[in-house]
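Got your viewer open? Grab the mouse and let's take a short walk.

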Amino acid sequence: MELVRATEAAAIRAVPFIGRGDKNAADKAAVDAMRKFLGTVNFDGVVVIGEGEKDKAPMLFNGEHVGNGRGPSCDIAVDPIDGTSLTAAGRPNALSMIAVSDRGSMLDASSVFYMDKIVCGAEGIGVVDIRKPIGENIRALAKAKGKDVGDIVVAVLDRPRHERLVADIREAGAGTRLLLDGDVAGGINAARYETRIDLCVGTGGSPEGVATACAIKALGGFIQGRLAPRDDVERENGLAAGLKFDHVYEADELVRSENTFFVATGVTDGGLVEGVRKLGPIIRTESIVLRSRSGTIRRVIADHLAEKWI
């Protein structure tokens with residue numbers, strides 16, 4: 001619940017900037033709120049995966065210590081707003097998220113920004129493999145789930161780099177769910193049993209891949225990642241940081257812990273959680289809390305007195 005308070009605060013503070021076209025202002029408001037509330041949590045957290053480095057937005061930086069210093073030592077992955085562009089445009093699926101695991105267990109892939117990823121539910125374990133063609137994976141997953149290939153839905157970030165991938169998915173007979181942003185939520189929804197998404201694939205942020213792995217371990221799902229450096233300099237930086245290329249990172253390599261938490265609060269409405277709502281004197285938030293050790297998924301709907309947030 002302490003972690004939820006931090007994502008709730010970040011989401012609430014981002015609300016005035018929804019649809020206002022200024023993603024950095026929304027990000028700064030969320031960062032400031034999250035940093036403040038994380039400072040009250042009983043743990044000694046180190047930010048392994050910070051936020052905002054790509055576009056130099058306000059950020060909780062890598063190596064920053066958060067928490068009050070008492071309690072367990074943890075690695076932290078934070079994104080006060082996953083989907084700043086979505087927030088600025090007033091589009092759905094923006095959320096505030098925190099992932100936590102035991103100290104020293106998260107892969108620090110910050111020197112290589114992009115990662116190829118494949119995520120699905122437990123049915124894909126031992127069936128799906130990122131090294132196989134997408135059509136083969138779709139057919140194998142459909143068989144494992146007892147579905148027709150035509151009923152399989154694959155989530156992919158809507159980017160020019162994915163044009164061939166999208167074409168291959170459709171040629172295999174499956175449908176696509178093109179995401180404007182936010183492949184963390186896309187990956188989580190691919191691993192949840194009650195959603196229409198069966199598989200999430202494509203190239204997205206490496207930090208988001210590690211955060212998603214924390215959630216997937218709690219869901220009992222499947223995730224693989226393969227680093228995708230943009231140039232030789234990034235590859236050299238990755239090698240210097242001890243990262244492996246042409247290597248498939250399994251879930252236990254992305255996060256070497258069976259004690260992971262993933263917490264997310266909706267900023268705008270989405271398929272994972274609803275966004276912040278103002279209801280008269282009340283501000284309502286919806287959050288999801290995943291914990292791998294207990295294998296639990298909790299939804300937290302909270303009503304906050306608006307006067308406390310003036």
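We'll make two stops in this predicted model: a helix, then a single residue in a strand.

**Stop one: helix α4**

Select residues 134-145, which form helix α4. Try putting a distance between the C-alpha atoms at its two ends: they are 16 Å apart. With 12 residues at 1.5 Å a residue, the helix should span 16 Å, so the two values agree.

Now colour Ile134, Gly135, Asn137, Ile138, Leu141 and Ala142, the residues of α4 that are buried. Look along the axis: they sit on the same side of α4, because they cover an arc of only 160° around it.

What covers these buried residues? Show β5 (114-120), β6 (153-157), α5 (163-171) and β8 (199-205), which are among the elements that do so.

Before you leave, click on Gly146, which follows α4. Its phi is positive, near 70°.

**Stop two: Glu286**

Next, select residues 282-291 to bring up strand β13, and pick out Glu286 within it. Is Glu286 buried or exposed? Its relative accessibility is 12%, under the 20% cut-off, so Glu286 counts as buried.

Show its side chain as sticks and look for two partners. One is the backbone nitrogen of Glu274, which the side chain of Glu286 reaches at 3.0 Å. The other is the side chain of Arg299, joined to that of Glu286 by a polar contact of 3.1 Å.

Finally, fill in the surroundings. Setting aside neighbours within four places in sequence, Glu286 is in contact with residues including Ala264, Thr265, Gly266, Val273, Val300 and Ile301. Glu274 and Arg299 belong to that list of contacts too.

Conventions
Residues numbered from 1 in each chain as written. Predicted model: local features only at pLDDT ≥ 70, side-chain atom pairs only at ≥ 80, totals over all residues. Heavy atoms only, no water. Helix = DSSP H or I, 4+ residues; strand = E, 2+ residues; numbered from the N terminus. Buried < 20%, exposed > 50% of the residue type's maximum accessible area, 1.4 Å probe, protein only. Polar contact = N/O pair within 3.5 Å; in protein donor to acceptor, adjacent residues only side chain to side chain. Contact = heavy atoms within 4.5 Å. Expected span 1.5 Å × (residues − 1). Arc of directions from axis to C-beta.
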